[in-house]
Amino acid sequence: MSYNPSKRPAVKVLSIIRSSPRRDAVIGLLALNPWLTEGETNGRELDYIQLIPRDSKLPMMVITVESLPGCAKERLINGDVSIERELVAARIEEWKEGSDCPKAQVIRMLGRAEEIEPQISAVLFEHAISAANFSSDSLSCLPNAPWKIPAEEYETRKDLRNTCTFTIDPASATDLDDALSFEMVSEKVFRIGVHIADVSRFVIPDTALDREARIRSTSVYIPQHKLPMLPPELSEQACSLVPGEDRLVFSIIWDIDDTGNITGRWIGRSVIRSCCKLSYDDAQDIIDGGFEVDVSGKTGPKLHGQFELKDVVDSLRSLHGITKKMREIRLRNGAFWIEIPKIVFLFDESGNPCDSLLGVRKESSFLVEELMLLANRSVAEVISKAFPGCALLRRHAEPKSMKLKEFEEFCRKRGLELDASSSGKLHLALPKMREKVKTDPVLLQILLARAARAMQLAVYFCTGDLRGREDEWAHYGLSIPLYTHFTSPLRRYPDIVVHRTLAAVVEAEEAYAEKRQSCAASDGIGNRCFTGLYFDEEAAESEEGREALVCAAVRYGVPASEVVSEVAAYCNERKRAGKHVEQSAENVYLCALLKNKEVMFSDARVLRVGSTFMTVYINKFAIERRIYFGEVEGLTVEWIRTTGTLVLDTLKTKPLKRSDLSEKCRVIEDVVLMMSHCQIVTPEDKNECISTAPSSYNRESNATATAPLRVPLVIRVLSTIPVAVHAVGGHDGRARIVARLYMH
């Protein structure tokens, strides 16, 4: 390794500690060819069929006909060969040592392999994401509907119902777990509140509901599907911060001056009543100043209660101004963000994808994000100091040096000098890179996507596992020493654990203050000993402080460090699984869109070019693909190594037929779509598409004219070229997206 630092080390497997979970998540197709059992010599056909896994890394498997689900067995007996075109979900039952062919059990039939829904079901099964209804035991833990806040809750919580409070979410959102509030304290001091649904009030530790929420761990959102962590009776009703209804929340309220500095903080349980639900588009219109306040209330978001639309508009614009300053301070202090475009699909009335666009976040999204980051950071500071051995935090390690070198080399080869020799220098280099290429948004997208590959994943961890190594608690991307997840308890289980821990801190603080008779005034947000801006370590380490914290931890079910470690590890795995599901589902819908269109056109940027292939970044879909042009009949290739230039041209002679080519040679149509040989398929009626994306996104229809290039074609790194994109395969439920040059 010391002689070859750029190469990855090779290892040898010594033993297998435990079976892979992939044994329980096999997706494939049945093949009706009968198999013989081991040792069978008389040629008699037995009741075995093949299972061909969709994952080429897995071996062929054998299935007993007797073990098939009833409907599948009946179809097989009746000679229904169409069963071979259906995806099946299976698990490996037995794999004897030395055997190349494991025996598997079909769990269920998913449906036709080329259809969208069976493919989505396959993706969910492969990653153990539950699409099942919640168990009756879990549902029995829910409060009776319609649920009303008990009188004692009003007595023990801060009443914030007379504060202008509202939510900002996607227009289609129904699980509203965060709200914002704004008040003027003085001409130069603002009181800003983040209010998070008090989910831990309903999800009690060690109940059936708690166990199922922990198993699910996270809500998963994919186009046309929502797989919630909690039952809708909670996530969309009792806990959702719907306007016009009293709701129980955890509140964090800051006093912030006009320069963005925090001068005071209050954390505790409260009751709020949201006055309206704003979509991100509504909020953006208000920020842009183009939102006209209609005093009649006939247009704009529906208002509830005493506040008028003008109150919301003024509050939101004030929040935008102050959060913009807070963001500038955060970025100046070393934080950075890597914004990667996300593809958004448009659907027709039948639910099929009919077009796509790239979603770009705007100021309304950054406003909410800034306050959520501040809330998460504030809670992390409190719980890590009050419970230093069992707090659930989130850390982001520095990039590995090898990844940094790869990114630095990628930039250098594209004419961009960037010092990424260390994580600290990368922090300084990224803002400079943004400034340098700000006039080329596509190149910026490419560079940020590559920078993201250099980053390690952020993970949950238990503070007790890193005692004495507090420098490893930090979040590299945010450039802060402490961070956690607190703001999304309806869709993330770690947030519920954090809520319980915070509830214990708040109660311990009140108990300690009562004993010392030094409770901060209920009005205002005077600094408290545990949850204020400055943590009183002397109070926490005193006999009264320790007793209060221990008693509160028991009452609210704060888990021990061993349990927190298990929760963190499991939730890390589930979060990765959820991310993979979202990416796989995106690919399913993109392939379906391309199949429907037959071909779509886009400009692309050349990232790498050689004598036999080029790598391109396809702007329309924000994906990378390779185009191979070596050994293509009818295409001449000239590679000028000294200048890194590629020249492609077509022969004027009549092309050979595919059957006349050598085994290695391909026809030109494999890599080039000639304008005269294709039809551009466009929707007859552009209004057929139903948008699921905010209307403020820029849209690019397939009808956009992407002009083909004329030969000869001269290509260098970062050249812009037109490509034709389409999907191939899919009979096994896994289509591929390929790109071809688009030329005259």
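How many bridges pair S19 and S20, and in which sense? Five bridges join S19 and S20, in the antiparallel sense. This is a predicted model; keep that in mind along the way.

**Stop 1: the S19–S20 hairpin**

Select residues 600-609 for S19 and 613-618 for S20. The two strands form a hairpin, with three residues between them. Now pick Val-606: Val-616 in S20 stands opposite.

**Stop 2: the side chains of S20**

Show side chains on S20. Are its residues buried or exposed? Six of its six residues are buried, so the strand is mostly covered, where buried means under 20% relative accessible area. Phe-613, Thr-615 and Tyr-617 point one way. Met-614, Val-616 and Ile-618 point the other way. In a regular strand, side chains alternate between the two faces of the sheet.

**Stop 3: on to S21**

Add residues 623-628, strand S21. S20 and S21 run antiparallel, joined by six bridges. Click Tyr-617: its bridge partner in S21 is Glu-624. S20 and S21 also form a hairpin, this time with four residues between them. Stop at Ala-622 in the turn, which has a positive phi of about 55°.

**Stop 4: the whole six-stranded sheet**

Return to S19 and select residues 720-729, strand S29. S19 and S29 pair in the antiparallel sense over six bridges. Ser-602 stands opposite Val-723 in S29.

Now show the full open sheet, in the order S21-S20-S19-S29-S30-S26, with mixed pairing. S21 and S26 (672-674) are the edge strands; each has a single partner strand, so one side of each is left without a neighbour in the sheet. From one strand to the next, the twist averages 50°.

Next, select helix H12, residues 441-454. H12 lies across S19, S20 and S21, running at about 60° to S19.

**Stop 5: the seven-stranded sheet**

Move to another open sheet, whose seven strands follow the order S6-S13-S12-S9-S8-S7-S14. Its pairing is mixed. Which strands stand at the edges? They are S6 (158-159) and S14 (276-279), each with a single partner strand, so one side of each has no neighbour in the sheet.

Select S7, residues 165-169. S7 and S14 run parallel and are joined by four bridges. Thr-167 stands opposite Lys-277 in S14.

Finish with helix H9, residues 363-386, which packs on this sheet. H9 touches S7, S8 (178-186), S9 (189-197), S12 (246-257) and S13 (262-273). The direction of H9 makes about 95° with that of S12.

How values were computed
Residues are numbered from 1 along each chain as its sequence is written. This is a predicted model: local features need pLDDT of at least 70, side-chain atom pairs count only at pLDDT 80 or more; totals for chains, interfaces and linings use all residues. Side-chain values use heavy atoms; hydrogens and water are left out. Two strands pair if DSSP finds at least two bridges between them. Contact means heavy atoms within 4.5 Å. Axes are lines fitted to C-alpha atoms, for helices over the stretch in contact, and angles run from 0 to 180 degrees between N-to-C directions. Buried means under 20% relative accessible area, exposed over 50%, partly exposed in between (1.4 Å probe, protein chains only).
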